[in-house]
Amino acid sequence: MHPIIFFSNMDFSQSNLFGYIEDLQELTIIERPVRRSLKTPEEIERLTVDEELSDIERAVYLLSSGQDIQGTSVVANLPVLVRQNPAETLRRVLPKIKEVLHVAGVEMQLTAAVSFLTVLQEESVSTHTYSHSFLHIILQNLEHRDAGVSNAWLETLLAVIEALPKETVRQEILNPLVSKAQLSQTLQSRLVSCKIMGKLANKFEAHMTELTKTVVLPELVELARDEDSSVRLAAFETLVNLLDMFDAGDRSQTVLPLVKSFCEKSFKADESILVSLSFHLGKLCNGLYGIFTPEQHLRFLEFYKKLSTLGLQQENGHNGNQLQLQTLEQEKKYISVRKNCAYNFPAMIVFVDPKNFQLELYSIFFCLCHDPEVPVRYTMAISFYEVAKLLNSGVYTIHKELVTLLKDESLEVLDALVGHLPEILELMANGGENSGSESKLLSIPDLIPALTAAEQRAATSLKWRTHEKLLQKYACLPHIISSDQIYYRFLHRMLTIILTNNVLPVQKAAARTLCVYLRYNRKQEQRHEVIQKLIEQLGQGKSYWNRLRFLDTCEFIMELFSKSFFCKYFFLPVLELTHDPVANVRMKLCYLLPKVKSTLKIPTDKHLLQQLELCIRKLLCQEKDKDVLSIVKRTVLELDRMEVSVDAEQLEKEKQQNEGRPTNINDKMFEKKRRDSKTSSLLAKSITLSVPGSSSGPSAGKEDKKSKLVRSQSFSTQALHPKYSNIDKCPNKSSNTGYTSSVSGMGKSCMLSFSDDSFRTHSNGHSGNGTLTSSSSRSLFNSSDQKNSGNKESQSRRMSIKNRKSNS
């Protein structure tokens, strides 16, 4: 025997459905003072159970003879018991819970409502079993004397209705519900009935309409006239939800008079319904549209206008604390009403017809966009896109309000508007009467200052997510305004954000938007200026943070631009970061290298492929950071598996040119390239890589062999810059396979080991001395040999001989 230990896995994750149920999370706190207060053996005995009991037996025991708090812990643990042993839990534990709930306190009732809902959501039992076992318990507790408990069970039932079959709902819920909606029943019973009827509105389809008409509608009409305002409100909301299920006769003879009565009384004797009425007014007006007379149509429109400005012309003549509190409470209600009017504004445009917008609703639209309260303007910003779509060709009439909301002092309003800003601006640019490309800005003269002011305001705030979102959406501007306007007002601002902002997502958003601007800029001078700044201020920036952002920007460029564009302007600047002093930069570069290689095309970019291979070799030889070196090795294998795109047309053209050219011309051209490379400090001007091929067979077969050869010979050979011709052997690094090839760079050479067969070199008969020979017959040159060399084979042979001599 030992003192009972409460279940530690009590799950109250559903407590958000019932605000006050959060107090249950403090049950563990109750345990401590109880234990401190236990002093007598009798009290200890009452809270102990046999440790040999199973979970089911312990639960039954505690529900039968335990304390209230112990029973509550069992009820909280019900979902766990159902998962572990559903049959025994339903047979033995659930009947005990049903029995105890009749006399249980508020805590256990609330806990049971949550647990029952959790069992449903976890689908631990079938729907049929749940309906048979749990539904009757839920229905029995709906009319609990405590309003909080009743609402908790009601929320659980409404969730259950969504999951149950329609026939079960009709038999078990709807039919008993009708009797409980009678006026002779208690207030709580009538109120619960109204709410459930509203939930059932969308559960039944057309074949249930007759039942709704003959049974539900009369009950709702009676409840809508109830003496209690909360019942009347519930009945009204249910009527709105069921509106689509009523035929024209019911709408005209029953629903419309009832709605008119609600509207007339709302300002006089029943202000409590104003908030609900304003929220549902758009649905009501459009749902009853077909039965309105012109006079009724105008009356409902005027009613909406009155609600839209409710509280804005109130007099401030009240004194005294009590009156002031009442006024503040009333002001909150009026703000909610105007917010609901903003929410319903698109529906009211449909009600009056968009062609009548300027005459009938523009003044209200203006007032709501300039409302003194943020929640109202926020709602207008959210619905602005819907309004613009409805107005279509008349969208130009609301451009001033767009500027107003862009300049709004609240970032919440700006954030709501920015969500659909690209779509709104496109409608503004193309939907109005002035849709010509030259007159885009004429209809919105203040747009650009408003956009720049909005970005500056977001940048100086602490809400970086709004700033990031805004920068992302500003990528739409090339479709809206001219290239010059973007260049002078936005493009350089994006570069400044990349250089100075401290938030990484914001910097990346600015970098991508800048690349979009660059993509649509057709002026070469402006393009070259931006490219130069990206390379100098980011790629060669003093801060390693800027160099990291340069690599991010290059990723966006590869995404948005052609491969040839990237190779022309950014390929070599990216490779220069191989020598970056900061390990994080080199590491990020290694991750990017596969994408970089994918931009190459042979034979056009064969010299760039050569530089990529050289950079990888240098990283393998010279990298000191263990993490970077590990990534380099993985990247080497990934790069070697990649195929390089082959430009067949260009390859055939070069082949034809080479076949028709005398050998001495080849030698002269090669010598000229060599001389040029001696005076250049760039690796891009080193000796051009020759792509070998078979001398026989169809041209298509040659191209295929060349393509495969480019992959298989990756990193196995290199062409050396003349000033790096001094080849020394360095200690061989360990490898799983022992395949080695000697490479050199920056005055050093290193024996590299690879685990791929493509790195294997041919043995020359001298163990321990690796030589740079390959199937591609690429040659190594030093400065003295190049001057007198006659052909590539003799040069390679001489280099091998010199290496052997030096080793001996």
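**Leu 477 and its surroundings, with other local features**

Leaving aside its neighbours within four places in sequence, Leu 477 is in contact with Leu 425, Leu 451, Ile 486, Phe 490 and Tyr 517. The model is a predicted one, and in it Leu 477 belongs to the loop between helix 27 (464-473) and helix 28. Because its relative accessible area is 0%, under the 20% limit, Leu 477 is buried. Pro 422 lies 55 residues from Leu 477 in sequence, yet the two C-alpha atoms are 7.8 Å apart in space.

Two of the residues that Leu 477 touches, Leu 451 and Phe 490, also take part in the contact between helix 26 and helix 28. The axes of helix 26 (residues 447-459) and helix 28 (residues 483-500) come within 11 Å and cross at roughly 10°. Since that angle is under 35 degrees, helix 26 counts as roughly parallel to helix 28. From helix 26 the contact draws on Ile 448, Pro 449, Leu 451, Thr 452, Glu 455, Gln 456 and Ala 459, which meet Gln 485, Arg 489, Phe 490, Arg 493 and Ile 497 of helix 28. Sorted by class, the residues of this contact comprise six nonpolar, three polar and three charged.

Another helix pair is formed by helix 21 (residues 362-369) and helix 22 (residues 374-391), whose axes come within 9 Å and cross at roughly 135°. This crossing makes helix 21 oblique to helix 22. Phe 365, Leu 368 and Cys 369 of helix 21 make the contact with Val 376, Arg 377, Met 380, Phe 384 and Val 387 of helix 22. By class, seven of these residues are nonpolar and one is charged, while no polar residue takes part.

Helix 22 also leads to a point of backbone geometry, for the loop between helix 22 and helix 23 (399-406) holds Asn 392. Most residues other than glycine have a negative phi, and most peptide bonds are trans. Asn 392, although not a glycine, has a positive phi of about 55°, and its relative accessible area of 48% means that it is partly exposed. A positive phi, here of about 85°, is also found at Asp 353, again not a glycine. Asp 353 is placed in the loop between helix 19 (345-352) and helix 20 (357-360), and at 32% relative accessibility it counts as partly exposed. The peptide bond that joins Ile 602 and Pro 603 is cis, with omega about 10°, and Pro 603 lies in the loop between strand 3 (601-602) and helix 35 (606-622).

What is the shape of helix 16 (residues 274-287) along its length? A kink of about 50° is centred on His 280, and yet the end C-alpha atoms are 19 Å apart, which agrees with the 20 Å that 14 residues should span at 1.5 Å a residue. Ten of the 14 residues of helix 16 are buried, so this helix is largely enclosed by the rest of the structure. The buried residues are Leu 274, Ser 276, Leu 277, Ser 278, His 280, Leu 281, Gly 282, Leu 284, Cys 285 and Gly 287, and His 280, on which the kink is centred, is therefore one of the buried residues.

A last site is Ser 131, which has its place in helix 8 (residues 127-133). Ser 131 counts as buried because its relative accessibility is 11%, and, with neighbours within four places in sequence left aside, Ser 131 is in contact with His 136, Leu 164 and Thr 168.

Technical notes:
Residues numbered from 1 in each chain as written. Predicted model: local features only at pLDDT ≥ 70, side-chain atom pairs only at ≥ 80, totals over all residues. Heavy atoms only, no water. Helix = DSSP H or I, 4+ residues; strand = E, 2+ residues; numbered from the N terminus. Buried < 20%, exposed > 50% of the residue type's maximum accessible area, 1.4 Å probe, protein only. Contact = heavy atoms within 4.5 Å. Expected span 1.5 Å × (residues − 1). Bend = angle between axes of the 7 residues up to and from the residue. Axes fitted to C-alpha atoms, helices over the stretch in contact; angles between N-to-C directions. Parallel < 35°, antiparallel > 145°, perpendicular 65-115°, else oblique. Nonpolar A, V, L, I, M, F, W, Y, C, P; charged D, E, K, R; others polar.
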